[in-house]
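Here are a few notes on the packing and the rings, for when you have the model open. Could you read them alongside the structure?

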Amino acid sequence: MRMSNTIFKTYDDLEVKTMNSFEDILQFVEEENVKFIRLAFFDVFGVQKNIAIMPDELKRVFTEGISFDASSIMGFDAEVRSDLFLRPDPTTMSIVPWRPIDGRVAKMFCDIEYPDGSIFEKDPRYILKQAVAEAQKNGISVNFGTEVEFYIFKLNENGERTRVPMDQASYMDIAPEDHGENIRRDISFALVDMGIRPEASHHEMGPGQNEVDFRYADALTAADNASTFKWVVRSIATSDGVWADFSPKPLKDKPGNGMHINISVEARDGSDYTMEFMAGVMEHIREMTLFLNPSRESYERLGDMKAPRYVSWSEQNRSQLIRIPATRSGMTRIELRSPDPLANPYLAFALLIYAGLDGIKRKLQPMEPIDLNLFKADPKITDGLKQLPQTLEEAISLARNSSFIRNIVPDGYLEAYQEN
């Protein structure tokens, strides 16, 4: 059921109204009867954390920030200097539409700072901002759009989670076979109410499996949207008496959940650097895989049921690591198919930007395309191809021994991912 018709960011075609100042926020809070504001941030895995405040605390939060115990956040490695502060980003303010209209709840994403006001370098949003700035310095802008898959499972009579899918439908089925239509509709309405415009949604191949796709956006907006999306899906599913699972391989004999990342590259000088960018991603993909596929279960998905195993590319072919989809717009984009939804989108997008920039700077060119179904290809073809890591341990080893990763990922991240 749609909970609200009032939205903070409104769409008129592709125009989005945003707020940029403390004064804008105060006016919005008063007009919309907001009584609680969630100040959200992300740990090294992209898991959302938050502190809730009342409206009369907004001035203090904007001028001084609000402190939290960083030593309790895995990967922040702040046992000695444990006080960090949240500084709200007013452009990310939106209503939480599934909460009551009388006494509304809103959220803002926050930057993380040290007590002296300097930026906390392990904040994943900051890492992505740095990558975007580096790209802009080189005359490059990179836009992202995600395609995120998830399963919907039933709860038992005690309200406990099961692995029983909510339906037995398959790819792009409709009701009555597809039981996810209403949930996907409510998810889409909630996203629009929060200023996020999904491009499409449909049932996926697995029983109870769904997918929602997003339009291109700048890197930070796309990462914010992907993070908000997972929160929305879990919340809407819970309110409907089911639960959403983003894990990479929830059912052993069924398709896994991917987070396909579509990437478009624009250059200030008008050049097309798509191939060089793609070559850079392929050059560094094995080192990055730990952060694109961060769980042990991730490696049960890779190489199975259309999830890629080899470092390869092709036009349109979905068995490849990267494909170049057919379009009618004339725009060239690449689709990276290995990541799964447990990836931290801020870190994933940052690594992809740096890898692509390295490809552009070194004028790398990709290998020849392989226009074959690699799941059925002659072993003589696949024997010569590099493979993605086959286990979590291999992915950790590749990341740990990579100078590329060490130059981007802050101290403490690798240890956190290994412990996790």
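1. Start with Phe229: its relative accessibility comes out at 0%, so Phe229 counts as buried. Keep in mind that this is a predicted model. Phe214, at 7% relative accessibility, falls under the 20% cut-off and therefore counts as buried too.

2. Now look at how those two rings meet. The centres of Phe214 and Phe229 are 5.1 Å apart and the planes sit at 80°, so this is an edge-to-face pair. Phe214 belongs to strand β12 (residues 209–214) and Phe229 to helix α5 (residues 219–239), so the pair ties together parts 15 residues apart in sequence. Phe150 and Phe246 join Phe214 and Phe229 in one aromatic cluster.

3. On aromatics generally, the structure has 16 aromatic pairs. Tyr151 and Phe153 make a stacked one, because their ring centres are 5.6 Å apart with the planes at 5°. Both Tyr151 and Phe153 are buried.

4. Phe229 also turns up in the largest nonpolar core, which has 117 residues; along with Phe76, Phe144, Met288 and Phe291, Phe229 touches the most other members. The top contributor to this core is helix α8 (residues 345–361), with 11 residues.

5. Which residues does Met288 touch, leaving aside those up to four places away in sequence? The list is Val281, Leu351, Leu352, Ala355, Phe404 and Ile405.

6. One last ring to check: Phe109 has the charged end of Lys107 sitting over it, 3.9 Å from the ring centre.

Note on methods
Residues are numbered from 1 along each chain as its sequence is written. This is a predicted model: local features need pLDDT of at least 70, side-chain atom pairs count only at pLDDT 80 or more; totals for chains, interfaces and linings use all residues. Side-chain values use heavy atoms; hydrogens and water are left out. A nonpolar core is a set of buried Ala, Val, Leu, Ile, Met, Phe, Trp, Tyr and Cys residues joined through side-chain atoms within 4.5 Å. Buried means under 20% relative accessible area, exposed over 50%, partly exposed in between (1.4 Å probe, protein chains only). Helices (H or I, at least four residues) and strands (E, at least two) are DSSP runs, numbered from the N terminus. Contact means heavy atoms within 4.5 Å. Rings of Phe, Tyr and Trp (its six-membered ring) pair if their centres lie within 6.5 Å; planes under 30 degrees apart count as stacked, over 60 as edge-to-face and the rest as tilted. A charge sits over a ring if NZ of Lys or CZ of Arg is within 6 Å of the ring centre and within 35 degrees of the ring normal.
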